[in-house]
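This report was prepared for a reader who wishes to check the arrangement of strands and helices against the coordinates. Please keep the sequence and the model open while reading.

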Amino acid sequence: MNKLLALFICTAALALGACTQSAPTTARAPETGGSRKGDFGPPQGEPIHAILTSPPEVPPPTNRKHPAKVIVELEVIEKDMEIAEGVSYTFWTFGGTVPGSFIRVRQGDTVEFHLKNHPSSKMPHNIDLHGVTGPGGGAASTFTAPGHRTQFTFKALNQGLYVYHCATAPVGMHVANGMYGLILVEPPEGLPPVDHEYYVMQGDFYTVGKYREKGHQPFDMQKAIDENPTYVLFNGAETSMTGPNALKVGTDQSVRMYVGNGGPNLVSSFHLIGEIFDKVQYEGGTHFQENVQTTLIPAGGAVTVEFHTEVPGSYVMVDHSIFRAFNKGALAILQVEGAEKPHIYSGKQVDEMYIGDKVASLAPVAEAATAKATGTLTKAQQIAAGGVLFKGTCSTCHQENGRGLANVFPPLAGSDYLMKDPQHAIEVVLNGLTGPITVNGNPYNSVMPPMSQLNDDEVANILTYVLNSWGNSGPAIAKQDVARVRTSTKRPEGAAH
């Protein structure tokens with residue numbers, strides 16, 4: 001019996017081996033995406049001119065059941081724009097914005113790409129699209145001198161969300177100046193409909209001047225090499241999606257965000273405070289994760305996030321490498337309007353102390369900077385600018401009414417300590433204050449951290465506001481006064497100054 005069983009097993013094994021050897025050797029196509037399934041044949045119908053949009057807007061879905069020839073025309077423009085209120089920077093752009101124009105095609109489309117370099121440009125440029133299958137992603141085919149145009153064609157074989165960027169040497173400098181964007185290659189069946197789609201892209205910027213130092217700021221190559229950005233921003237400017245530019249949706253709506261990271265150096269820890277991502281297609285691919293709090297986006301990578309709004313209020317988008325959010329600008333606001341839902345959340349609250357000056361317009365700051373540059377700065381302009389900055393820097397401890405917190409933080413309103421020597425206040429702001437003090441006859445023993453990250457204009461305007469608010473009547477503090485205290489203060493090497 002055992003011999004018969006052994007003979008049967010051996011015979012079966014030989015038969016199985018023979019079947020295996022005689023089976024076809026053609027590789028099976030992957031179930032989703034991939035170049036082996038991305039070629040849906042030649043384009044059908046008349047050529048289509050792609051609709052390109054500027055951030056944070058997204059082109060409409062392709063709504064096509066067949067591949068087409070899609071013509072994309074994109075122009076490189078070098079232009080000065082605001083990177084922060086009162087601060088300008090020379091950006092190199094695709095389409096005149098940072099990030100560049102959003103491109104949307106369908107998997108299987110044949111894309112005829114035209115790149116133009118505006119005659120006013122000072123540099124040659126090209127484009128490397130991560131959604132292209134071919135050497136350089138199109139870079140070698142699109143080296144374009146100022147006043148010229150180039151053209152190449154590619155097949156969009158793989159669905160997904162892809163970064164594009166300039167790849168002309170020095171590549172890092174071109175990317176750091178804002179030369180990046182996103183191209184979405186939709187799956188053949190399209191994407192499920194949602195109420196809102198938005199385009200957000202993070203980038204790190206390197207300026208010679210400090211964060212928010214007013215005037216025109218040139219690019220700093222050494223900071224870029226050292227990976228020490230002055231700004232980390234969404235959509236190329238500190239105010240791109242704050243104040244009146246905040247993104248707006250309603251409650252009970254579905255939102256899809258296409259989020260990229262142009263880099264050139266930093267990895268993003270993308271987070272939306274007060275929301276949980278229902279679905280995250282990580283790294284721009286076809287797989288997704290659910291119920292995600294924070295998602296990593298590598299430099300040169302992208303992610304699609306989806307969520308459903310429930311409760312009204314101001315929701316803050318940040319890079320959760322948190323100093324980048326509150327001290328380098330990586331912060332934006334999604335404003336959700338609608339009815340309260342106390343069974344989900346106790347009530348709509350805009351925590352202005354938490355999101356600081358991002359809730360309001362920084363226009364008074366820019367106005368003061370312009371007046372300072374022309375020699376016409378008034379005390380009233382300093383007070384207006386200082387009030388905006390105070391909200392984002394000092395109001396958490398000292399309160400918006402200047403009364404502080406009893407037995408914890410001393411008042412600024414009617415403060416005999418402050419008004420006795422206004423110039424000493426500069427030292428306190430720049431160097432901090434630790435240990436017991438007496439204010440208006442009451443003892444306090446807390447810590448005032450140094451605010452040396454503020455520039456001279458900001459310190460001068462904040463103190464002028466404080467010295468002339470809540471019944472206080474004091475002098476205006478000049479930028480030169482702050483600079484004198486700063487330069488006379490010895491600090492350890494490498495410390496903020």
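The text below takes up confidence, then two sheets, then a pair of helices, and finally a serine in a loop.

The model is predicted, and the protein chain has an average pLDDT of 89, with 88% of the residues scoring at least 70. Caution is due at the start of the chain, since pLDDT remains under 50 over residues 1–33, a stretch for which the model has ten contacts beyond four places in sequence.

One open sheet consists of four strands in the order 4-9-8-6, and its pairing is mixed. Strand 4 (103–106) and strand 6 (128–129) each have a single partner strand, so that one side of each is left without a neighbour in the sheet. Another open sheet has five strands, ordered 13-21-20-15-18, again with mixed pairing. Its edge strands are strand 13 (247–250) and strand 18 (294–297), each of which pairs on one side only, and neighbouring strands of this sheet are turned against each other by 25° on average, direction ignored.

One antiparallel pair from each sheet is set out in the table, together with one example of bridge partners.

| Strand pair | Sense | Bridges | Example of partners |
|---|---|---|---|
| Strand 8 (residues 160–165) and strand 9 (residues 180–186) | antiparallel | six | Leu-161 and Leu-184 |
| Strand 15 (residues 268–273) and strand 20 (residues 313–319) | antiparallel | four | Leu-272 and Met-317 |

How do helix 8 and helix 12 lie to each other, parallel or perpendicular? The axes of helix 8 (residues 379–393) and helix 12 (residues 456–467) come within 7 Å and cross at roughly 100°, and the two helices are therefore roughly perpendicular to each other. On the side of helix 8, the residues making the contact include Ile-383, Gly-386, Gly-387, Leu-389 and Phe-390, while those of helix 12 include Ala-460, Asn-461, Ile-462 and Tyr-465. Taken by class, the residues of this contact divide into eight nonpolar, six polar and two charged.

Ser-240 is placed in the loop between strand 12 (231–234) and strand 13, the latter being an edge strand of the five-stranded sheet. The side chain of Ser-240 reaches the backbone oxygen of Phe-234 at 2.6 Å. When its neighbours within four places in sequence are left aside, Ser-240 is in contact with Phe-234, Asn-235 and Asn-245.

Notes: Residues are numbered from 1 along each chain as its sequence is written. This is a predicted model: local features need pLDDT of at least 70, side-chain atom pairs count only at pLDDT 80 or more; totals for chains, interfaces and linings use all residues. Side-chain values use heavy atoms; hydrogens and water are left out. Two strands pair if DSSP finds at least two bridges between them. Axes are lines fitted to C-alpha atoms, for helices over the stretch in contact, and angles run from 0 to 180 degrees between N-to-C directions. Angles under 35 degrees count as roughly parallel, over 145 as roughly antiparallel, 65 to 115 as roughly perpendicular and the rest as oblique. Contact means heavy atoms within 4.5 Å. Ala, Val, Leu, Ile, Met, Phe, Trp, Tyr, Cys and Pro count as nonpolar, Asp, Glu, Lys and Arg as charged, and the others, Gly among them, as polar. A polar contact is a pair of N or O atoms within 3.5 Å; within protein, one must be able to donate a hydrogen and the other to accept it, and residues adjacent in sequence count only if both atoms are side-chain atoms. pLDDT is the predictor's confidence in each residue, from 0 to 100.
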